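Visitor: Could you walk me through this structure? I am new to reading such models and would like to start with the basic terms.

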Amino acid sequence: MTTLHETIHPQAKVREWKAIVILILLIPVLWSPPFLFRIFLFQPFNIPSGSMTPTLVVGDYVFAAKYAYGYDRYSFPFAPSWISGRFRAAEPEHGDVVVFRTPKDTSVDYVKRVVGLPGDRIQMRQGQLILNDRPVTRVALKAVVAGSTCGVDDGAKAKRWRETLPNGAFYVTQDCVDNGYYDNTDVYTVPPGHFFVLGDNRDNSSDSRVMSSIGFVPMDNLVGKVTRIFWSLDQEGEPHMERLGKVW
């Protein structure tokens, strides 16, 4: 019978020693404050589209708190695909702005607002959010020039509303057109272990209303909770300092 050490060729032994040396050299890096900060606490993201206008706009840089909902393979960089489940799991709350991956494309990070949790019934009626058969409270704000965020004429104006969810979470949404494509929908009942998201730019967002691309999002696909805009640049590349701060 052949013993184990006799089956290891010299080249394999060299590779093993190289791996050990590299691991030893990486220990200071792996335990450095910036590396630990990114893995366990906050991950930075930049906003590439206007789907969350006015809360988040193109040019914003945000931190997502990875500890908010626990850890899984989407929270850890370079985690193997066979990892399943979440450690220290916690559900998001209504109104949270979250970073997540979709089951249909786990290579892309999305950022949207949670409006539905397991068992909730979600519907849009004439552009108004209906949660569990009750219209979500909203107050009209002054219309603003939409620019490119609505994909129409730069001088066109968009309506804005302050929505308040039953748990007290409030935020501002943008309404580009009346009777938009997803302003009237069927009733969506959120299944167990999933959540439902909308973009704050309601007429220019691909979100859970689009069942063919996003639909209901599994809790295990959460990456983190967006908590703060830490940097922002305007269209000319100049610092947009008034946008820095907490995300609602």
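Guide: One term comes first: helices and strands are DSSP runs, a strand having at least two residues, and they are numbered from the N terminus. With that numbering, M241 lies in the loop between strand 14 and strand 15 (245-246). Please keep in mind that this is a predicted model.

Visitor: How many helices and strands does the chain have?

Guide: The chain contains 2 helices and 15 strands.

Visitor: Back to M241, then. Why does it count as partly exposed?

Guide: M241 has a relative accessible area of 46%, and partly exposed means between 20% and 50%. M241 also belongs to a nonpolar patch on the surface, together with F230, W231 and L244. The accessible area of these four residues together is about 340 Å².

Visitor: And what about the whole chain: how much of it is buried?

Guide: Of its 248 residues, 41% count as buried. The accessible surface of the chain comes to about 14,100 Å², and carbon and sulfur atoms account for 59% of that surface.

Visitor: Let me pick a residue in strand 14. Is S232 buried or exposed?

Guide: S232 is buried, because its relative accessible area is 0%. This residue lies in strand 14, which covers residues 222-232.

Visitor: What does the side chain of S232 make a polar contact with?

Guide: The partner is the side chain of D60, at 2.6 Å. Leaving aside neighbours within four places in sequence, the residues in contact with S232 include G59, D60, E238 and H240. L244, which also belongs to the nonpolar patch, is another residue in contact with S232.

Visitor: Which strand does strand 14 pair with?

Guide: Strand 14 is joined to strand 2 by 6 bridges, and the two run antiparallel. One example is F63, whose bridge partner in strand 14 is R228. Strand 2 also pairs with strand 1 (residues 42-46), in the antiparallel sense, over 5 bridges. There, N46 has Y61 of strand 2 as its bridge partner.

Visitor: What holds paired strands together in general?

Guide: Strands of a sheet pair through backbone hydrogen bonds, either parallel or antiparallel.

Visitor: In what order do the strands of the open sheet come?

Guide: The order is 7-6-5-11, so to speak from one edge to the other, and the pairing of these 4 strands is antiparallel. Strand 7 and strand 11 (188-189) are the edge strands, each pairing on one side only. Strand 5 and strand 11 are joined by 2 bridges, and R121 has T189 of strand 11 as its bridge partner.

Visitor: New topic. How many salt bridges are there?

Guide: A search of the whole structure finds 8 salt bridges. In general terms, side chains of opposite charge can pair when their charged atoms come close.

Visitor: What does R121 form a salt bridge with?

Guide: R121 forms a salt bridge with D133, and their closest N and O atoms are 2.7 Å apart. D133 lies in the loop between strand 6 (128-131) and strand 7 (134-135), while R121 lies in strand 5 (residues 121-125), so the pair ties together parts that are 12 residues apart in sequence. R121 is partly exposed, at 31% relative accessible area, and D133 is partly exposed at 47%.

Visitor: Which residue does K225 of strand 14 pair with, and how far apart are they in the chain?

Guide: K225 forms a salt bridge with D96, with 3.8 Å between the closest N and O atoms. The two residues are 129 residues apart, and D96 lies in the loop between strand 2 (60-65) and strand 3 (97-102). K225 counts as partly exposed at 29% relative accessibility, whereas D96 counts as buried at 9%.

Visitor: What is unusual about the backbone at D133?

Guide: Most residues other than glycine have a negative phi, and most peptide bonds are trans. D133 has a positive phi of about 70 degrees although it is not a glycine. N132, in the loop between strand 6 and strand 7, also has a positive phi, of about 55 degrees.

Visitor: And where is there a cis peptide bond?

Guide: A cis peptide bond joins T53 and P54, with omega at about 10 degrees. P54 lies in the loop between strand 1 and strand 2.

How values were computed. Residues are numbered from 1 along each chain as its sequence is written. This is a predicted model: local features need pLDDT of at least 70, side-chain atom pairs count only at pLDDT 80 or more; totals for chains, interfaces and linings use all residues. Side-chain values use heavy atoms; hydrogens and water are left out. Buried means under 20% relative accessible area, exposed over 50%, partly exposed in between (1.4 Å probe, protein chains only). A polar contact is a pair of N or O atoms within 3.5 Å; within protein, one must be able to donate a hydrogen and the other to accept it, and residues adjacent in sequence count only if both atoms are side-chain atoms. Contact means heavy atoms within 4.5 Å. A salt bridge is a side-chain nitrogen of Lys or Arg within 4 Å of a carboxyl oxygen of Asp or Glu. Accessible areas come from the Shrake-Rupley method with a 1.4 Å probe; for residues, only the protein chains shown count as cover. Patches are made of residues with over 30% relative accessible area and no salt bridge: like charges are joined within 9 Å, nonpolar side chains (Val, Leu, Ile, Met, Phe, Trp, Tyr) within 5 Å. Two strands pair if DSSP finds at least two bridges between them.
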